[in-house]
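Got the viewer open? Load the model, switch on a cartoon, and keep the selection box handy for the stops below.

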Amino acid sequence: MDTARRLRREIDAIDGVHILGEPHMSVMCVGSDTLDVYEIGDHMQERGWHLDRQQFPPSLHLTINHAHVGSVEAFVADLRDAVDASQREDRDRVDAEGRRTMPSASIRAPSFAMAPTSSSTMSSAAQSRAVR
């Protein structure tokens, strides 16, 4: 539970994302009022982390367990980098008239048919990186 509480504090401290609701245990969702969380999830995947995508509202699902105790720093650093990358890409989006645009999160909503079959919240690549 200490790991879950610590992770929650660290995520809430990242500008642009927040934990949805008031989770009492070790299951939580990361959301954003300003950024495409699925894009953030894509950036995390590039860094070796697997986060399930959820919808209504768009969010990234986390299940924290004992295996994650030693990976909080690596996860938070990668999440911060993923949020920064998403913020940069958001600033770069402009339409033909020079107005800033943002992709609709509902367009990118995951299909339940595409849901991963693994229950693991962290890929083996991310696990090996967390050990460093």
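Start with the whole cartoon: the protein has four helices and four strands, in the order α-β-β-α-β-β-α-α along the sequence. Helices (H or I, at least four residues) and strands (E, at least two) are DSSP runs, numbered from the N terminus. This is a predicted model, where local features need pLDDT of at least 70 and side-chain atom pairs count only at pLDDT 80 or more, while totals for chains, interfaces and linings use all residues. Residues are numbered from 1 along each chain as its sequence is written, and side-chain values use heavy atoms, with hydrogens and water left out.

**Colour by confidence**

Colour by pLDDT, the predictor's confidence in each residue, from 0 to 100. The mean for the protein is 81, and 70% of its residues reach 70 or more. Now select 104-122: pLDDT stays under 50 there, and the model has 27 contacts beyond four places in sequence for this stretch. Contact means heavy atoms within 4.5 Å.

**Switch on the surface**

The accessible surface comes to about 7,700 Å², and 54% of that belongs to carbon and sulfur atoms. Accessible areas here come from the Shrake-Rupley method with a 1.4 Å probe; for residues, only the protein chains shown count as cover. Of the 132 residues, 40% count as buried. Buried means under 20% relative accessible area, exposed over 50%, and partly exposed in between (1.4 Å probe, protein chains only).

**Into the core**

Hide the surface and show L7, I11, I40, M44, L62, F75 and L79 as sticks. Of the 25 residues in the largest nonpolar core, these touch the most other members. Helix 1 (2-12), strand 2, helix 2, strand 4 and helix 3 each supply at least two residues of this core, and helix 3 gives the largest share, seven residues. A nonpolar core is a set of buried Ala, Val, Leu, Ile, Met, Phe, Trp, Tyr and Cys residues joined through side-chain atoms within 4.5 Å.

Which residues does L62 touch, not counting those up to four places away in sequence? Select L62 and look for L7, I11, S26, V27, M28, V30, L51 and F75.

**Helix 2**

Next, select 37-46. Helix 2 is mostly covered, with seven of its 10 residues buried: V37, Y38, E39, I40, G41, H43 and M44. Among what covers them you'll find strand 2 (27-31), strand 3 (52-54), strand 4 (59-63) and helix 3 (72-92). At the start of the helix, a side-chain oxygen of D36 comes within 2.9 Å of the backbone nitrogen of Y38. Just past the other end, G48 has a positive phi of about 100 degrees.

One step along is W49, in the loop between helix 2 and strand 3. Is W49 buried or exposed? W49 counts as buried, because its relative accessibility is 3%. Pick D78 too: a polar contact of 2.6 Å joins the side chains of W49 and D78. A polar contact is a pair of N or O atoms within 3.5 Å; within protein, one must be able to donate a hydrogen and the other to accept it, and residues adjacent in sequence count only if both atoms are side-chain atoms. The C-alpha atoms of W49 and F75 are 7.9 Å apart, with their positions 26 residues apart along the chain.

**The loop between strand 3 and strand 4**

Zoom to F56 and P57. The peptide bond from F56 to P57 is cis, with omega near 5 degrees, and F56 has a positive phi near 60 degrees despite not being glycine. Most residues other than glycine have a negative phi, and most peptide bonds are trans. F56 counts as exposed, because its relative accessibility is 75%.

**Salt bridges**

Finish with charged pairs. The structure holds four salt bridges, each a side-chain nitrogen of Lys or Arg within 4 Å of a carboxyl oxygen of Asp or Glu. Three to select:

- E73 and R6 (2.5 Å, N to O): E73 sits in helix 3 and R6 in helix 1, 67 residues apart.
- R8 and E22 (2.8 Å, N to O): R8 belongs to helix 1, E22 to the loop between strand 1 (18-19) and strand 2, 14 residues apart.
- D42 and R53 (2.8 Å, N to O): D42 lies in helix 2 and R53 in strand 3, so this pair ties together parts 11 residues apart in sequence.
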